[in-house]
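Visitor: I would like a close look at a single part of this structure, taken slowly enough for someone in the first year of study. Please choose one residue and follow its surroundings outward.

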Amino acid sequence: MSSPSPAVLLSLRINGEPVQVAVQPHHTLLEVLRYQLDLIGTKQGCDKGDCGACTVQIDGEPQLSCLTLALHAEGRELTTVEGLAASRGGVHPLQDAFDRWDAAQCGFCTPGILMSAEALLRKHGEVTPAQVREALAGNLCRCTGYTKIIDAVVDASRRVVAEGDAKSAAEAAPRRRRAAE
Amino acid sequence: MLRLPRFELRAPETIDEVVAALEQPGARLVAGGTDILPNLKHRLDRPPVLVSLSRVAGLSKVEVDEKAGLLRIGARVTLNGLSEHPQVCERLPSLAKAAGLVASPLIRNMGTLGGNVNLDTRCRYVNQTSFWREAIGGGCLKSEGDVCHVVPSGRKCVAAMSSDCVPVLISLDARVVLVGPQGRRELLLEDYYQADGTRHTTRGDGELTTELVVPLPRGPRRSAYAKWTVRGSIDFPLVSVALRFELEEDRVSAPVREAHAVVGVLGARPRRITRLEDARGKALDDPALAALVAERVHAQCKPLENVPYEAPYRRQMLRVHARRAIAALVAEG
């Protein structure tokens, strides 16, 4: 057995907060999240890139934390499922849609799917079932058969777009009034 | 839970520093990590040092050199970046397609072209946990043992070259650029591979892949990549075929000037199909052309029992997928 390697200080932002943590070079980001930082929303599934349960966003892009060396996250902006809820004051529209559509059964794949789906919505706005299927092609679910998950993501995308439209209309309204005066 | 073995991680900032770091015996490179990390978790190697390419600048560019008629792709370009790059999509569509068919979107956000070109060969008896390998009697030529479970009397590993981009790049006459202690060298990607599953490239221990150089089309062309898998995503190919047809004119009823076919997932080396000169002069939409190419592919390729699904079935499906890929090109017009 080789002697323990010295821990290295890792600095990154997790869900908007600066975090510093001493990590072993051979530890994955997933191990650091779950076992050092208690961020257990991110799940440990196959641990070799097949299942997508460990999906997090690194600089906004969905990636597998089980195949990311913790030290490769140095200086990066990390978002986990915990940050997804916080970003919208409690419940993200995707989480709300998963609840309404019964898109989570055992729930193990859900955090990873939410992280893949959020990146899709941010990039494309309102999405089609085909786009959802492609975006979630790396996230396995053994319970649902995917139908309700796809319905929930499509529904959430419509609501997010409608919300955005309403918000920009509300912001535009006073400007229009001022212009009329 | 699969844990990585202990190692030291170096993150140099220049290519020269990478080459220097690779001087340590047993050092391995890591870029996207989607191939090496599962293999280390399966204890297929125990490198004392991993040399990370994460901080090396200048390896992530896609550049068109119109004057030389070349597309230069940095080794750290991600597979998603490649599959969505407008110039690659427009001018080298079979390469964009192959890159976009690798594993899953998550892996394509991480995995790089350099990694895909150097993807370790795969075998149903190798890519397993060490516990599994121990249970079949202590591994094989490519892991802890000294036997081959695919070819019982074999002394050479026949693990399969399973990269999606490699057959396509070879069909496009791509060249690979390597930098090592002896400087820079460039060779045809086709000559980079050798028929030994334990060491399937001619890369020296101290070398890294920096770039892939692909000639741009000089005339009307149709190209395709066919990948047959068990599931619609995540899987490695069971067989794969890359096709390229240079045409006399820009329509599918035009005669073929040159035909190229490269097949993957046989042994450690991709296979370029020979005797395709007979395809010359036949129209791309002539069913006799598809039949001829499919027949050559079938006759010259003998899959082994090294990946899932029976070898004779995979051999039959090679013919089917070659024919279907040409039919799809014709249908696209």
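Guide: Let us take B:Arg244, keeping in mind that what is shown is a predicted model. The residue has its place in strand β10 of chain B, a strand that covers residues 239–247. Is B:Arg244 buried or exposed? Its relative accessibility is 4%, and because buried means under 20%, B:Arg244 counts as buried.

What does the side chain of B:Arg244 reach? One partner is the backbone oxygen of B:Ser171, at 2.6 Å, and another is the side chain of B:Glu246, with which B:Arg244 makes a polar contact, also given as 2.6 Å. If residues up to four places away in sequence are left out, B:Arg244 still touches a set of residues that includes B:Ser171, B:Leu172 and B:Asp173, then B:Arg221, B:Arg222 and B:Ser223, and also B:Glu258, B:Ala259 and B:His260.

One of these neighbours deserves a longer look. Side chains of opposite charge can pair when their charged atoms come close. B:Arg244 forms a salt bridge with B:Glu258, in which the closest N and O atoms are 4.0 Å apart. This pair links distant parts of the chain, since B:Arg244 sits in strand β10 and B:Glu258 in strand β11 (residues 256–264) of chain B, 14 residues apart. The two ends of the bridge can be set side by side: B:Arg244, at 4% relative accessibility, is buried, whereas B:Glu258, at 30%, counts as partly exposed.

Which residues are linked with B:Arg244 in a network of salt bridges? They are B:Asp173, B:Glu190, B:Arg221, B:Glu246, B:Glu258 and B:Arg272. Over all chains, the count of salt bridges comes to 36.

For another example in chain B, consider the side chains of B:Asp120 and B:Lys142, which meet in a salt bridge with an N to O distance of 2.8 Å. B:Asp120 lies in the loop between α7 (113–117) and α8 (130–135), and B:Lys142 in the loop between α8 and α9, so this pair ties together parts of chain B that are 22 residues apart in sequence. Here B:Asp120 is partly exposed, with a relative accessible area of 21%, while B:Lys142, at 14%, counts as buried.

A salt bridge within a helix of chain A offers a further example. A:Arg159 pairs with A:Asp155, their closest N and O atoms being 3.6 Å apart. The two residues are 4 residues apart in helix α6 (residues 147–180) of chain A, which means that about one helical turn separates them. An α-helix has 3.6 residues a turn, so residues three or four places apart point the same way. In this pair A:Arg159 is partly exposed at 42% relative accessibility, and A:Asp155 is buried at 13%.

Finally, we can turn from charged side chains to nonpolar ones in chain B. In soluble globular proteins, nonpolar side chains tend to be buried together. The largest nonpolar core has 69 residues, and those touching the most other members are B:Leu50, B:Ile73, B:Leu95, B:Val117, B:Leu169 and B:Leu189. Helix α9 (residues 165–171) of chain B supplies the largest share of this core, 5 residues. Apart from that core lies another, of 34 residues, among them B:Val241, B:Ala254, B:Val263 and B:Val293.

Notes. Residues are numbered from 1 along each chain as its sequence is written. Chains are lettered from A and ligands numbered from 1 in the order in which they are written. This is a predicted model: local features need pLDDT of at least 70, side-chain atom pairs count only at pLDDT 80 or more; totals for chains, interfaces and linings use all residues. Side-chain values use heavy atoms; hydrogens and water are left out. Buried means under 20% relative accessible area, exposed over 50%, partly exposed in between (1.4 Å probe, protein chains only). A polar contact is a pair of N or O atoms within 3.5 Å; within protein, one must be able to donate a hydrogen and the other to accept it, and residues adjacent in sequence count only if both atoms are side-chain atoms. Contact means heavy atoms within 4.5 Å. A nonpolar core is a set of buried Ala, Val, Leu, Ile, Met, Phe, Trp, Tyr and Cys residues joined through side-chain atoms within 4.5 Å.
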